[in-house]
Amino acid sequence: MTTPAIQLPGRVFISADCDALFDDLASSLMSSAIKAVHDRGVFHLALSGGSTPEPFYMQLMIDPRWRIVPWERTHLWIVDERRVPESDPKSNFRMIRETLADHAPIPRRQVHPMAALADDAADLYQQELREVIAAPDQEGTLRPDPSFTPRLDFVLLGMGDDAHTASLFPGSDAVHEKVELVVVNEGRNVTPPPRVTMTFPLLNAARQVAILVTDQKKAATLRKVSDHLREAAADPVLYPITGIAPVEGGLAWYLDAAAAGVE
Ligand code: 6PG
């Protein structure tokens with residue numbers, strides 16, 4: 001397509017329709033998965049909730065081109081969760097399970113929902129991440145390390161109308177987090193219900209981050225973010241999506257023409 005009207009960090013894929021966009025995204029996810037399994041024997045995938053990725057997850061399950069994703073070697077993580085029971089329509093894991101996890105041949109023990117209602121939900125998930133994606137010691141043996149920041153292989157994020165991503169809302173406590181990998185986020189600046197969310201330190205340690213934004217209703221926010229980044233440094237407190245900057249990994253945006261504001 002022609003030069004995008006917006007400028008964003010990383011690679012930017014723009015497609016006229018969602019089907020073509022989902023193909024680009026699925027192809028990137030598949031490449032990351034194959035490389036991760038080749039290099040390390042396992043693929044750590046973290047998925048977001050919200051309405052935007054739902055049709056993508058369905059396409060990933062239905063289209064025979066993506067059947068070679070090595071699901072048996074995949075660990076499925078959840079980027080953020082609303083503190084509701086899994087049966088609640090607002091549960092991210094419910095949506096991800098119904099559209100993807102119930103259909104992909106991922107062994108059950110490799111599917112990692114958050115214990116959304118537990119008092120120590122964030123600590124439990126952080127511990128689970130460190131145990132499962134254990135740090136190699138000097139001999140190359142994998143073992144849990146209490147200070148280790150695990151590297152997810154592929155993270156799929158969305159963006160809200162207020163430029164939040166994951167459950168990192170503008171002006172909320174979680175956007176200031178520099179140490180913990182997973183936190184509870186709630187209060188005045190968080191759209192209810194309270195959330196449990198991966199933080200910038202964990203998301204930015206990922207090998208590949210993809211941000212999927214579709215629909216005309218996101219165009220104004222995307223434009224605002226792009227204009228801000230053209231003139232100033234990233235401001236994760238005001239525009240949390242600008243805090244996504246993988247330290248040693250790749251960043252790519254997947255936009256449909258309506259969200260990107262191009263013909
Ligand atoms: C969530 C998400 C969140 C989401 C955006 C976009 O649980 O709400 O993980 O960060 O990606 O809010 O949501 P939509 O796709 O519904 O617009």
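**The ligand site and the parallel sheet**

Good morning. Sixteen residues surround the ligand, and those that come nearest are Thr 52, Asp 80, Arg 82, Ala 166 and Lys 218; a residue counts as near if one of its heavy atoms lies within 4 Å of the molecule. This is a predicted model, in which local features need pLDDT of at least 70 and side-chain atom pairs count only at pLDDT 80 or more, while totals for chains, interfaces and linings use all residues. Residues are numbered from 1 along each chain as its sequence is written, and side-chain values use heavy atoms, with hydrogens and water left out.

I turn to the atoms that meet the ligand. A backbone N or O atom of Ala 166 lies 2.6 Å from an oxygen atom of the ligand. The side chain of His 164 places an N or O atom 2.7 Å from a ligand oxygen, and for the side chain of Asn 92 the distance is 2.7 Å. Of the 410 Å² of accessible area that the ligand has on its own, the protein covers 90% (Shrake-Rupley method, 1.4 Å probe).

Next, the sheet. Seven strands (DSSP runs of E, at least two residues) form an open sheet with parallel pairing, in the order E1-E12-E11-E8-E2-E3-E5; two strands pair if DSSP finds at least two bridges between them. Why is one side of strand E1 and of strand E5 left without a neighbour in the sheet? Strand E1 (11–15) and strand E5 (111–112) stand at the edges and each has a single partner strand, so one side stays free of a neighbour.

Within the sheet, strand E2 (residues 43–47) runs parallel to strand E3 (residues 74–78), joined by five bridges. Ala 46 has Trp 77 as its bridge partner in E3.

Technical notes. Helices (H or I, at least four residues) and strands (E, at least two) are DSSP runs, numbered from the N terminus. A polar contact is a pair of N or O atoms within 3.5 Å; within protein, one must be able to donate a hydrogen and the other to accept it, and residues adjacent in sequence count only if both atoms are side-chain atoms.
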